[in-house]
Amino acid sequence: RFVKAAAIVLKEVPAARFVICGDGKEEGNLKALAASLGLSARFEFRPWTKNALAEMERLDIYVFPSLREGLPIALLEAMSVGRPCVASDIEGVRDIIERGVDGVMVDTTDTAAFAQAVVSLCRDPRKAREMGRKALEKVSACFPVEREMERIRRIYKEISG
């Protein structure tokens, strides 16, 4: 969806560039799809990194197109560096984003909705900055890193016995 949405975004925001971070079995398919849509020059594929926050700080908008997620850590990380986020309207995301206030949620299957949300933020940088600021405030207040790490440790201990 993200790669297909990028093709739509470029019609409205021709200077847009896109980044996909992380390694995985779908990387080859994503690169092939970008190439088939004539988007290879607009995409940068970056490997997994220990310093995800530094990567996110380089972005203007973070897109989270997951189909399902428990606690979307990457989304929280993007919010923690003040990035406006466009995310799938799924269970874990609904617990974090207040629609239109500190992020944008769209139907996870609606490629055009993802694209339009990105275009909207590109066209209104003031709104995007404000959304990013509110996202940072929320994460700082509601999801402090230490508390979340302890919560994740407890979950791992529970499932590992």
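Let's start with disulfides: in this predicted model, the count comes to 0. A pair of cysteine sulfur atoms has to be within 2.5 Å to count as a disulfide, so you can check the cysteines against that cut-off yourself. Take cysteine 21: the nearest cysteine sulfur belongs to cysteine 85 and is 13 Å away, which leaves cysteine 21 in no disulfide. Cysteine 142 is in no disulfide either, and here too the nearest cysteine sulfur is that of cysteine 85, at 15 Å.

How do these cysteines sit with respect to the surface? Cysteine 21 has a relative accessibility of 45%, so it counts as partly exposed. Cysteine 142, with a relative accessible area of 36%, is partly exposed as well. Cysteine 85 is another story: its relative accessible area is 0%, so it is buried, since anything under 20% goes by that name.

Stay with cysteine 85 for a moment and look at what surrounds it. You'll find this residue in strand 4, which covers residues 85-88. Leaving aside residues up to four places away in sequence, cysteine 85 touches Tyr62, Leu75, Ala78, Met79, Gly103 and Val104. Have a look at glycine 100 too: it is 15 residues from cysteine 85 in sequence, and their C-alpha atoms are 9.9 Å apart in space.

Now zoom out to the whole chain. The protein has 8 helices and 5 strands. If you follow them from the N terminus, the order is α-β-α-β-α-β-α-β-α-β-α-α-α. How compact is the protein? Its radius of gyration is 16 Å, close to the 15 Å that the globule rule gives for 161 residues, so the protein is as compact as a globular protein of that length. Along its principal axes, the C-alpha trace spans about 50 × 35 × 30 Å.

What about contacts along the chain? Among contacts with a separation of 6 or more, 58% are between residues 24 or more positions apart. Buried residues, meanwhile, make up 38% of the 161 residues.

For a buried residue outside the strands, try alanine 34, which has its place in helix 2 (residues 27-36). Its relative accessible area is 1%, so alanine 34 is buried. Not counting residues up to four places away in sequence, alanine 34 touches Val3, Leu39, Ser40 and Phe43. Phenylalanine 2 is 32 residues from alanine 34 in sequence, and the two are 10.0 Å apart in space, C-alpha to C-alpha.

Next, hop over to a loop. Valine 101 lies between helix 5 (91-94) and strand 5 (104-106). Is valine 101 buried or partly exposed? With 29% relative accessibility, it counts as partly exposed. Valine 101 touches Met131 and Lys134, again not counting residues up to four places away in sequence. And for a sense of distance, pick arginine 46: it is 55 residues from valine 101 along the chain, and 30 Å separates their C-alpha atoms.

Finally, think about the outside of the protein. Its accessible surface comes to about 9,600 Å², and carbon and sulfur atoms account for 53% of that. As for charge, the protein has 26 positive and 24 negative charges, and the mean positions of these two groups are 3 Å apart.

Notes. Residues numbered from 1 in each chain as written. Predicted model: local features only at pLDDT ≥ 70, side-chain atom pairs only at ≥ 80, totals over all residues. Heavy atoms only, no water. Helix = DSSP H or I, 4+ residues; strand = E, 2+ residues; numbered from the N terminus. Rg over C-alpha atoms; globule rule 2.2 N^0.38 Å. Buried < 20%, exposed > 50% of the residue type's maximum accessible area, 1.4 Å probe, protein only. Contact = heavy atoms within 4.5 Å. Areas by Shrake-Rupley, 256 points an atom, 1.4 Å probe, with all protein chains shown as cover. Lys, Arg positive; Asp, Glu negative; His and termini not counted. Charge placed at Lys NZ, Arg CZ, Asp CG, Glu CD.
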